[in-house]
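Me: I'd love a close look at the empty spaces inside this protein and at what surrounds them. Could you walk me through them in one go?

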Amino acid sequence: MLTPIAYGLAVVLSLFCVLIGARFLLAPRASAAGYGVPVKPDEDPAYLTIKGLRDLSYGLLGLALIAFTSAEAVAWYMLIVAINPLGDTLIVLRHGRKAVAFGVHFATAVVILLNAALLFAL
């Protein structure tokens with residue numbers, strides 16, 4: 001019973017990263033506003049492309065690990081990947097809205113860490 005939940009959550013989280021990355025590549029300014037730190041109209045949105053590529057890559061890597069490795073490898077990946085939303089929390093706390101920092105980024109980190117714990121338990 002635990003295996004489908006752990007792997008299902010890992011797949012959902014990885015697909016979510018792919019979708020976020022694709023959105024940042026296709027609609028960078030709207031994505032930045034949703035991230036919690038909007039881009040000013042006169043600013044170069046290059047960092048948004050970097051974020052999009054980062055998230056897309058992490059999502060695809062997660063899916064590859066799920067498909068081709070062990071639960072332990074995926075658990076370590078999730079544990080390490082949780083650094084991103086934790087860092088995003090700090091960035092948004094410093095430059096954006098607290099509600100987004102905790103309601104989106106910190107909550108995401110907690111879910112990723114929970115998923116790592118479930119995968120380690122397999």
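Reply: Happy to; here is a tour of the enclosed space first, then the packing around it, then the open pockets. Please keep in mind that this is a predicted model.

Let's begin with the enclosed space. Counting cavities of 30 Å³ or more gives one, and the largest cavity has a volume of about 60 Å³. Its lining is made up of L13, S14, C17, Y58, G59, Y77, M78, V81 and I112. Helix 1 (2-26), helix 3 (46-68) and helix 4 (71-81) each bring at least two residues to that lining. By class, the lining of the largest cavity has seven nonpolar residues, two polar ones and no charged ones.

Two of these lining residues deserve a visit of their own. Y77 sits in helix 4. With a relative accessible area of 10%, Y77 falls under the 20% limit and is therefore buried. Leaving aside residues up to four places away in sequence, Y77 touches Y58, G59, L61, G62 and L65. For a sense of scale, the C-alpha atoms of Y77 and P28 are 26 Å apart, with their positions 49 residues apart along the chain.

V81 is also in helix 4. Its relative accessibility is 7%, so V81 counts as buried too. Setting aside residues up to four places away in sequence, V81 is in contact with Y58 and I112. V81 and I112 are 31 residues apart in sequence, yet their C-alpha atoms are 7.9 Å apart in space.

Next comes the packing. In soluble globular proteins, nonpolar side chains tend to be buried together. Here, the largest nonpolar core has 16 residues, and A10, V74, Y77, M78, I112 and L119 are those with the most contacts inside it. Helix 1, helix 3, helix 4 and helix 6 are the elements giving two or more residues to this core, and helix 4 provides the largest share, six residues. Y77, M78 and I112 are thus named both among the core residues with the most contacts and in the lining of the largest cavity. V74, another of those core residues, touches A10, L65, I66, T69 and L119, again not counting residues up to four places away in sequence. There is also a second, separate core of nine residues, which includes Y35, V37, V39 and V92.

Helix 1 is worth following from end to end. At 1.5 Å a residue, its 25 residues should span 36 Å, and its end C-alpha atoms are 36 Å apart, so the two values agree. Its buried residues are A6, A10, L13, S14, V18, G21 and F24. Helix 2 (28-35), helix 3, helix 4 and helix 6 (98-121) are among the elements that cover them. Of these buried residues, L13 and S14 also appear in the lining of the largest cavity.

Now for the open spaces. The largest pocket has a volume of about 410 Å³. Its lining has 22 residues, with F16, I20, K51, D55 and H105 lying nearest the centre. Helix 1, helix 2, helix 3, helix 5 (83-95) and helix 6 each supply at least two of the lining residues, and helix 1 gives the largest share, seven residues. This lining divides into 12 nonpolar, five polar and five charged residues.

The second largest pocket holds about 220 Å³ of space. It is lined by 13 residues, and Y35, V37, Y47, K51 and I91 are those nearest its centre. Helix 3 and helix 5 each supply at least two residues of this lining, with helix 3 giving the most, four residues. The classes here are seven nonpolar, one polar and five charged residues.

You may have spotted K51 in the descriptions of both pockets: K51 is listed nearest the centre of the largest pocket and of the second largest pocket. K51 belongs to helix 3. K51 has 11% relative accessibility, so it counts as buried. Apart from residues up to four places away in sequence, K51 touches I20, F24, Y35 and D88. One of these contacts, I20, is named near the centre of the largest pocket, and another, Y35, near the centre of the second largest pocket. Finally, K51 and G21 are 30 residues apart in sequence, while their C-alpha atoms are 7.0 Å apart in space.

Note on methods
Residues are numbered from 1 along each chain as its sequence is written. This is a predicted model: local features need pLDDT of at least 70, side-chain atom pairs count only at pLDDT 80 or more; totals for chains, interfaces and linings use all residues. Side-chain values use heavy atoms; hydrogens and water are left out. On a 1 Å grid over the protein atoms alone, a cavity is a set of points where a 1.4 Å probe fits but cannot get out, and a pocket is an open set with protein on both sides within 12 Å along at least five of seven lines; lining residues have an atom within 4 Å of a point. Grid points are joined across faces, edges and corners, and a volume is the space filled by probe spheres set on the points. Ala, Val, Leu, Ile, Met, Phe, Trp, Tyr, Cys and Pro count as nonpolar, Asp, Glu, Lys and Arg as charged, and the others, Gly among them, as polar. The expected span of a helix is 1.5 Å times one less than its number of residues. Buried means under 20% relative accessible area, exposed over 50%, partly exposed in between (1.4 Å probe, protein chains only). Contact means heavy atoms within 4.5 Å. A nonpolar core is a set of buried Ala, Val, Leu, Ile, Met, Phe, Trp, Tyr and Cys residues joined through side-chain atoms within 4.5 Å.
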